[in-house]
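Let's take a friendly walk through a protein model, a few places at a time. Keep the picture beside you as you read.

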Amino acid sequence: MRDTHDLEMRAVASFLLDRIKIEPVLGFVLGSGLGHFADEVEDPVIVPTPDVPGYPPSTVPGHAGRIVAGTINDVPVVVVQGRVHFYEGYPIDKVVFPIRLLAALGVKGVVITNASGCISDSLKPGDLMTITDHVNLMGVNPLVGQRWGFDLFPDMSNAYDKQLQAALHEVADDNGIELKDGILGAFSGPNYETAAEVQLLKTVGVDAACMSTVPEVIAAARLRIRVAGVSCITNYATGIAKTPHSHEDVVKVAGEAQVKFRTLLKALVAKFDTIL
C-alpha cells in the first residue's frame, strides 16, 4: 500500500492550498455544459488550471479550465471545471490527475457528473440519473502501471457510494426533482457510439453512455474517496435518436437542466456532514 498523498500530488496540493486558503472536504467534477454549478460557491477563489503545475489543459467546449474553491452551505468545497478526457489525447493516468489532486487536498467525498446519452427506455433528454454502477468500455484503466493510492487491487462493490445514492434521492424528493437510477457505460470517444454498440449495451443492462467519469471513479476507489455519480441525460443514443448528434446540442440540453441540477447538488452538500 502507498500513501494517497504521493510526492507529486503533495507539491501540487500545497501550491493550490496556498491560494484557496481553505481545506475542502467535498469535491465536484463537472461535466459538459454543467459548469455553472460553480456559481453556487460562496466567496469563491478561482484558480485557472493552466496555473496549476502539471494540470493537463482542458480543450473541449463546456469545460472552462478552472478550479473554484469556497463554501456551499458552510461546507468547504472545491469544484473542478477543468475535466480532461482520454479522447483529448492524454495518457489515462493524466485523465485522473484532478481526482488525485482532490485526494491530496483532503476531500472525503467527490460528486462526479457528466452529460450522457440515454439507452434505457425509462430515460429521456433532460433527466437526471444517479449512477449506480458502470461498465468500462474505454479499453484502458488508469491504475495500470501506477502505484499511487492505497489498494493495489481496489474493490469496486461500492464504487458509487450507496449511502450517497440514498442521500441524493432524499434531497431530490425534498425538492420535487425526479431522479432516475442507472448503469453507465463509458466509451473512449471522441466519436459517438454506433447503433450496434448501443444495442449491445442495452442487452447487457446499460442505461446511459458517456466518454468520461469511469476512469475517475476507478481512481477514487483506489484513493478511498466516496463517490456520488450524477448523469445529466442530454440526448438519445445512436439508433434511438432521430437526428445526428452534436456537442452543441449536448451542452444546450445540459444548460436547460441547470436549475434542477444545481438545486440537487446544493441540497446534497447541506446533508454532507451527516453522511461522511
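## Helix 8 and its buried residues

Start with helix 8, where the buried residues are Gln-258, Phe-261, Leu-264, Leu-265, Ala-267, Leu-268 and Val-269. Please remember throughout that this is a predicted model. Helix 8 runs over residues 258–270 and has 13 residues. From its first C-alpha to its last, helix 8 reaches 18 Å, close to the 18 Å expected at 1.5 Å a residue.

Two of these buried residues, Phe-261 and Leu-264, turn up again when you look at Leu-128. Leu-128 is found in strand 6, which covers residues 128–137. Is Leu-128 buried or exposed? Its relative accessible area is 0%, so Leu-128 is buried. Leaving out residues up to four places away in sequence, Leu-128 touches Ile-177, Glu-178, Leu-179, Lys-180, Ser-231, Cys-232, Lys-260, Phe-261 and Leu-264. You can also look for Ala-254: Leu-128 and Ala-254 are 126 residues apart in sequence, and their C-alpha atoms are 9.9 Å apart in space.

## Helix 1: one side turned inward

Now move to helix 1, residues 7–20. How far should its 14 residues span at 1.5 Å a residue? The expected span is 20 Å, and the end C-alpha atoms are 20 Å apart, so the two values agree.

Which residues of helix 1 are buried? They are Met-9, Val-12, Ala-13, Phe-15, Leu-16 and Ile-20. Around the axis they cover an arc of only 155 degrees, and therefore they sit on the same side of helix 1. The buried residues of helix 1 pack against strand 2 (42–48), strand 3 (66–72) and helix 3 (97–105). Just after the helix comes Lys-21, whose phi is positive, near 60 degrees.

## Where helix 1 meets helix 3

Helix 1 and helix 3 pack with their axes 9 Å apart, at an angle of about 70 degrees. Angles from 65 to 115 degrees count as roughly perpendicular, and therefore helix 1 and helix 3 are described as roughly perpendicular to each other. On the helix 1 side, the contact is made by Glu-8, Met-9, Val-12, Ala-13, Leu-16 and Leu-17. Helix 3 brings Phe-97, Arg-100, Leu-101, Ala-104 and Leu-105 to the contact. Sorted by type, the residues of this contact are nine nonpolar, no polar and two charged.

## Two more residues of helix 3

Ile-99 also belongs to helix 3, and at 1% relative accessibility this residue counts as buried. Setting aside neighbours within four places in sequence, Ile-99 is in contact with Val-29, Ile-112, Glu-216, Ala-219, Ala-220, Leu-223 and Ile-225. One of these partners, Ala-220, is 121 residues from Ile-99 in sequence, while the C-alpha atoms of the pair are 6.6 Å apart in space.

Ala-103 lies in helix 3 as well, and with 6% relative accessibility Ala-103 counts as buried. How far is the C-alpha atom of Ala-103 from that of Lys-242? The two are separated by 42 Å, and they are 139 residues apart along the chain.

## Loops worth a look

Some details in the loops deserve a pause. Asn-73, in the loop between strand 3 and strand 4, has a positive phi of about 50 degrees although it is not a glycine. At 31% relative accessibility, Asn-73 counts as partly exposed. Thr-213 is another residue other than glycine with a positive phi, near 75 degrees. The place of Thr-213 is the loop between strand 8 (208–210) and helix 6 (214–222), and with a relative accessible area of 1% Thr-213 is buried.

His-85 sits in the loop between strand 4 (75–80) and helix 2 (92–95). Its relative accessible area is 4%, so His-85 is buried. Which residues does His-85 touch, not counting those up to four places away in sequence? They are Val-60, His-63, Tyr-90, Val-95, Met-211 and Ser-212. Finally, find Pro-190 in the loop between strand 7 (179–187) and helix 5 (195–203). A cis peptide bond joins Gly-189 to Pro-190, with omega at about 5 degrees.

Notes: Residues are numbered from 1 along each chain as its sequence is written. This is a predicted model: local features need pLDDT of at least 70, side-chain atom pairs count only at pLDDT 80 or more; totals for chains, interfaces and linings use all residues. Side-chain values use heavy atoms; hydrogens and water are left out. Helices (H or I, at least four residues) and strands (E, at least two) are DSSP runs, numbered from the N terminus. The expected span of a helix is 1.5 Å times one less than its number of residues. Buried means under 20% relative accessible area, exposed over 50%, partly exposed in between (1.4 Å probe, protein chains only). The arc is that of the directions from the helix axis to the C-beta atoms. Contact means heavy atoms within 4.5 Å. Axes are lines fitted to C-alpha atoms, for helices over the stretch in contact, and angles run from 0 to 180 degrees between N-to-C directions. Angles under 35 degrees count as roughly parallel, over 145 as roughly antiparallel, 65 to 115 as roughly perpendicular and the rest as oblique. Ala, Val, Leu, Ile, Met, Phe, Trp, Tyr, Cys and Pro count as nonpolar, Asp, Glu, Lys and Arg as charged, and the others, Gly among them, as polar.
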